[in-house]
Amino acid sequence: MPQDPPQRPNAGGALDALLDLLALDDLPRTGWLLRGVPSPESIAGHVLGVSYVALALAPRVDPPLDLARVLAMALVHDAPEARSGDLPQPAAQHLPAGAKADMEAALARELLGPLSDVASDAFGEYEAQESREARFVKACDRLHLGVRLVGYERAGLRGLDEFWGTLDDDRFDEFTPCAELARVLRQARESTR
């Protein structure tokens, strides 16, 4: 029996997905909210911040990274949260193994499939963490958390110490510019104490 040809994204489906993704503008990053940060950054703000970190560091990585793929992954890495919200680590750790990843993969197909194959492929590549570009974006995700931490602490917020552990990650070692920024962020923290 012949298979139906794959459905190409259409403008109507793309509009629906784009409207759904608008939720990222209003949904807060839950970890900050749970730690008492007033008016925490939105998920969309975080996505933009990760993209800026990637844009700042990627040109300095040797051997060079594919910047288009890096930026595509940075833009879609939290897209499923438009429907799931930002599930905080204390809650996620109580889910069965793989449940969160399965949910996010299903939501990514629903949200990104109608946009383009590029968007869907970027999410899949990021989740697989097999390419240098995907690992770089994951490092930028962690580094943006550090940038946000420095910003919050310079604004006088305290009680965020647990988040600093994300900057002790050895994932930065693969990319010298990432390791350098992690070091600078840790130094910036010391100067605010």
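Patches are made of residues with over 30% relative accessible area and no salt bridge, and nonpolar side chains are joined into one patch within 5 Å. In this predicted model, Leu15, Leu19 and Leu22 form such a nonpolar patch on the surface, and together these residues have about 280 Å² of accessible area. Leu22 lies in the loop between α1 (11–21) and α2 (23–26). With a relative accessible area of 46%, Leu22 is classed as partly exposed, because the class of partly exposed residues lies between the limit for buried, under 20%, and the limit for exposed, over 50%.

Helix α2 also holds Asp25, which is partly exposed at a relative accessible area of 47%. When neighbours within four places in sequence are left aside, Asp25 is in contact with Ser42 and Ala44. Asp25 and Glu127, by comparison, are 102 residues apart in sequence, and their C-alpha atoms are 22 Å apart in space.

The interior of the model was examined next. The largest nonpolar core contains 47 residues, of which Trp32, Phe136, Leu143 and Cys178 touch the most other members. At least two residues of this core are supplied by each of the helices α4 (43–57), α5 (67–76), α8 (99–112), α9 (117–128), α10 (132–154) and α11 (176–192). The most is given by α10, which contributes 10 residues to this core. For Cys178, the residues touched are Leu57, Phe136, Ala139, Leu143 and Phe172, when those up to four places away in sequence are not counted. Two of these partners, Phe136 and Leu143, are thus named with Cys178 among the core residues that touch the most other members.

Charged side chains were considered as well, and the count of salt bridges comes to 13. One of them joins Arg29 and Asp78, whose closest N and O atoms are 3.9 Å apart. This pair links distant parts of the chain, since Arg29 is in the loop between α2 and α3 (30–34) while Asp78 is in the loop between α5 and α6 (81–84), 49 residues apart. Both Arg29 and Asp78 are buried, and the two residues belong, with Glu41 and Arg148, to a network of linked salt bridges.

A further salt bridge is formed where the side chains of Arg35 and Glu162 meet, with an N to O distance of 2.6 Å. Here too distant parts of the chain are linked: Arg35 is found in the loop between α3 and α4 and Glu162 in the loop between α10 and α11, the two being 127 residues apart. Arg35 counts as partly exposed, with a relative accessibility of 27%.

Arg69 and Glu125 also form a salt bridge, in which the closest N and O atoms are 2.5 Å apart. The distant parts of the chain linked by this pair are helix α5, which holds Arg69, and helix α9, which holds Glu125, and the residues are 56 places apart. Arg69 is partly exposed, its relative accessible area being 31%. The side chain of Arg69 makes, in addition, a polar contact with the side chain of Glu133 at 3.1 Å. Glu133 is located in helix α10 and counts as buried, because its relative accessibility of 9% falls under the 20% limit. Not counting residues up to four places away in sequence, Glu133 touches Leu65, Asp66, Arg69, Val70, Met73 and Glu125, a list that includes both partners of the Arg69 and Glu125 salt bridge.

Key. Residues are numbered from 1 along each chain as its sequence is written. This is a predicted model: local features need pLDDT of at least 70, side-chain atom pairs count only at pLDDT 80 or more; totals for chains, interfaces and linings use all residues. Side-chain values use heavy atoms; hydrogens and water are left out. Patches are made of residues with over 30% relative accessible area and no salt bridge: like charges are joined within 9 Å, nonpolar side chains (Val, Leu, Ile, Met, Phe, Trp, Tyr) within 5 Å. Accessible areas come from the Shrake-Rupley method with a 1.4 Å probe; for residues, only the protein chains shown count as cover. A salt bridge is a side-chain nitrogen of Lys or Arg within 4 Å of a carboxyl oxygen of Asp or Glu. Helices (H or I, at least four residues) and strands (E, at least two) are DSSP runs, numbered from the N terminus. Buried means under 20% relative accessible area, exposed over 50%, partly exposed in between (1.4 Å probe, protein chains only). A nonpolar core is a set of buried Ala, Val, Leu, Ile, Met, Phe, Trp, Tyr and Cys residues joined through side-chain atoms within 4.5 Å. Contact means heavy atoms within 4.5 Å. A polar contact is a pair of N or O atoms within 3.5 Å; within protein, one must be able to donate a hydrogen and the other to accept it, and residues adjacent in sequence count only if both atoms are side-chain atoms.
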